[in-house]
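Let us take a walk through a protein together, one stop at a time. Have the sequence and the model open beside you as you read.

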Amino acid sequence: MGFMYHISEICEVSSKRKSKKHKTMQTVEIKVKMDCDGCERKVRNAVSSIKGVKSVEINRKDSRVTVTGYVEKSKVLKKVQKTGKKAEIWPYIKYNLVSNPYAVGVYDKKAPSGYVKIDPQALQIPNTPSEIFTSMFSDENPNACSIM
């Protein structure tokens with residue numbers, strides 16, 4: 001009984017070990033308002049100091065910071081906010097990826113050119129039943145209805 005008890009304790013201890021979570025490689029995009037080279041340098045140095053960061057790209061014109069590496073969005077966002085800059089997760093999506101870019105609440109005058117706000121209303125999947133039925137009897141498409 002002593003030998004079996006000893007073996008069961010060893011197995012029990014090994015199963016209680018916490019397995020380390022491996023972070024996945026990801027790209028984090030953050031919107032940060034930067035006016036000068038000093039602001040850009042400050043943000044770049046802050047983000048580069050995070051463990052796991054592989055590359056940092058800054059586009060001052062779009063007010064966007066792109067961080068690639070084994071990092072978490074929340075940690076990158078907090079680090080940028082500690083610099084004193086107002087920062088948020090990138091709230092825009094490319095204009096051509098949206099089925100309805102002029103939906104209410106989607107079009108944003110402050111968005112960089114070629115981008116609109118991310119909104120579930122604008123991200124309607126093409127060829128869904130609602131879209132099929134609305135285009136089935138369209139006056140703009142002469143082949144839409146064969147009954148007429």
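Is Arg-44 buried, partly exposed or exposed? To answer, we need the cut-offs: buried means under 20% relative accessible area, exposed means over 50%, and partly exposed lies in between, with a 1.4 Å probe and protein chains only. Arg-44 has a relative accessible area of 29%, so it is partly exposed.

A word on what you are looking at. This is a predicted model, in which local features need pLDDT of at least 70 and side-chain atom pairs count only at pLDDT 80 or more, while totals for chains, interfaces and linings use all residues. Residues are numbered from 1 along each chain as its sequence is written, and side-chain values use heavy atoms, with hydrogens and water left out.

Now step back to the whole chain. The protein chain has four helices and six strands; here helices (H or I, at least four residues) and strands (E, at least two) are DSSP runs, numbered from the N terminus. Following the sequence, you meet them in the pattern α-β-α-β-β-α-β-β-β-α. Of the 148 residues of the protein chain, 30% count as buried.

Let us return to Arg-44 and look at its partner. Side chains of opposite charge can pair when their charged atoms come close. Such a pair is called a salt bridge when a side-chain nitrogen of Lys or Arg is within 4 Å of a carboxyl oxygen of Asp or Glu. The structure holds six salt bridges. One of them joins Arg-44 to Glu-40, with the closest N and O atoms 3.5 Å apart. Both residues sit in helix 2 (residues 37–48), four residues apart, which is about one turn of the helix. Unlike the partly exposed Arg-44, Glu-40 is buried, because its relative accessible area is 18%.

Glu-40 has another partner too: Glu-40 forms a salt bridge with Arg-60, and here the closest N and O atoms are 3.2 Å apart. Since Glu-40 lies in helix 2 and Arg-60 in the loop between strand 2 (53–59) and strand 3 (64–69), the pair ties together parts that are 20 residues apart in sequence. Arg-60 is partly exposed, at 28% relative accessibility. Put these pieces together and you get a network of salt bridges that links Asp-37, Glu-40, Arg-44 and Arg-60.

Where does strand 2 go next? Strand 2 and strand 3 form a hairpin with four residues between them, and Ser-63 in the turn has a positive phi of about 60 degrees. A salt bridge is found here as well, between Asp-62 and Arg-64, at 3.6 Å from N to O. Asp-62 is buried, because its relative accessibility is 17%, and Arg-64 is buried at 13%.

Strand 3 deserves a longer look. Six of its six residues are buried, so strand 3 is largely enclosed by the rest of the structure. Arg-64, Thr-66 and Thr-68 point one way from the strand, while Val-65, Val-67 and Gly-69 point the other way. Strand 3 also has neighbours to pair with, and two strands pair if DSSP finds at least two bridges between them. Strand 2 and strand 3 pair in the antiparallel sense over six bridges; Ser-55, for instance, has Thr-68 as its bridge partner in strand 3. Strand 1 (residues 26–32) runs antiparallel to strand 3 and is joined to it by six bridges, with Ile-30 partnered by Val-65.

Stay in strand 1 for a moment to find Val-32. Val-32 is buried, because its relative accessible area is 0%. Val-32 and Trp-90 are 58 residues apart in sequence, and their C-alpha atoms are 8.8 Å apart in space.

Finally, let us visit the surface. Lys-23, Lys-51, Lys-75, Lys-78 and Lys-82 gather there in a patch of positive charge. Patches are made of residues with over 30% relative accessible area and no salt bridge, where like charges are joined within 9 Å and nonpolar side chains (Val, Leu, Ile, Met, Phe, Trp, Tyr) within 5 Å. Lys and Arg count as positive and Asp and Glu as negative, while His and the chain ends are not counted; the place of a charge is taken as NZ of Lys, CZ of Arg, CG of Asp or CD of Glu. One of the patch members, Lys-75, is in helix 3 (residues 73–81) and is partly exposed, with a relative accessible area of 44%.

How values were computed
Areas by Shrake-Rupley, 256 points an atom, 1.4 Å probe, with all protein chains shown as cover.
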